[in-house]
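Student: I am new to this structure and would like to go through it step by step. Could we begin with the metal site?
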Amino acid sequence: MTKKEEVAEESVAEMQGYEVMLILKPTLLEAAVGKKLKEFDEFIKSAGKVTAQDNWGKRRLAYRIKQCDEGVYVVYNIEIPPSFTKEVNQHLQIDPEVIRHLIMAIPEGYIYTKFSEEPDQEEEKPARKAPSAVKPRAAIKKKEVKPAEAPKDEGIAPSPEALDAKLNKLLEGEDLNI
Amino acid sequence: MAKYIFSTNQKFPPGKRRCTFCTNQMKDIDYKDVKTLKHFLNAFRKIKGHYYTGVCLNHQKKLSNAIKRARHMALVPFTN
Ligand SMILES: [Zn+2]
């Protein structure tokens, strides 16, 4: 009881944000998973509060853990006093249905976005790359071509008129002279 | 978490590549966005040296921590 009182006093003084990630056994049914998470919620609410909870669902593991190839990923964002992390760690270590867990302090200015609401990167990438690769080259080519054509036309266009005028003058002059 | 912006500095030679996290103004690196982390892993899934990726020392430390966390949670393999 004395420990709990101390925890309560500390919780008022300073709370720290933590992120907890769990991997549950894939053999659990959905109802069992819900029960498990409710228990964990209540356990944390005894000392702090839950700011976000996200269930990723069943995912393939990168390597085998305890004869399991798949696992149910769950992410929690919680606020608890720093001294309570030991108890959370112990609580998860003892649990046989939690394959693996991670407790991490959250850095400043961190906002959790849910797994289902994340944008797909693969759709954006080619759209970004294609125009940037194509446009400048085409623009450069056009620019190179256009100014080259334009002065030629301008140079050719005025010259015949001027030449005609000069020729006429010369011819008139020549006629007069002759 | 949804900040997986990435540009490979392939146009620069290995010694002169810029830090992609500094250019995108990312203070912290999340261990959950596997797509960015995979750019900094080898074919053997080892962490690439910052000489080849251009990551500054401040971000390289954070990157290595993020990759180690991702390995622990089986999001990224240790070896291949
Ligand atoms: Zn940097």
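Tutor: Certainly. In this predicted model, the zinc ion is held by the SG atoms of Cys19(B), Cys22(B) and Cys56(B) together with ND1 of His59(B), at 2.0 to 2.3 Å.

Student: What geometry does the site of the zinc ion have?
Tutor: The site is tetrahedral, with angles of 103 to 115° among the four donor atoms.

Student: And how are the donor residues spaced in sequence?
Tutor: Their spacing is C-x2-C-x33-C-x2-H.

Student: Is His59(B) buried or exposed?
Tutor: His59(B) counts as buried because its relative accessibility is 8%, and the cut-off for buried is under 20%. Cys56(B), at 24%, counts as partly exposed.

Student: Turning to chain A, in what order do the strands of the sheet come?
Tutor: The order in this open sheet of four strands is S2-S3-S1-S4, with antiparallel pairing. S2 and S4 (98-105) of chain A are at the edges with a single partner strand each, so one side of each has no neighbour in the sheet. From one strand to the next, the twist averages 20°.

Student: How many bridges join S2 to S3 in chain A?
Tutor: There are 11 bridges between S2 (residues 49-65) and S3 (residues 68-80) of chain A; within this pairing, Lys49(A) has Glu79(A) as its bridge partner. Two residues lie between the strands of this hairpin, and Lys66(A) takes a positive phi near 50°.

Student: Which strands does helix H2 of chain A lie across?
Tutor: Helix H2 (residues 30-45) lies across S1, S2 and S3 of chain A, at about 130° to S2(A). Helix H3 (residues 85-94) of chain A also packs on the sheet, where it touches S1, S3 and S4 of chain A.

Methods:
Residues numbered from 1 in each chain as written. Chains lettered and ligands numbered in written order. Predicted model: local features only at pLDDT ≥ 70, side-chain atom pairs only at ≥ 80, totals over all residues. Heavy atoms only, no water. Pairing = 2+ DSSP bridges. Donors = N, O, S within 2.8 Å, 3.2 Å for Na, K, Ca; no water. Tetrahedral: all angles 85-135°; square planar, octahedral: opposite > 155°, others 65-115°. Buried < 20%, exposed > 50% of the residue type's maximum accessible area, 1.4 Å probe, protein only. Axes fitted to C-alpha atoms, helices over the stretch in contact; angles between N-to-C directions. Contact = heavy atoms within 4.5 Å.
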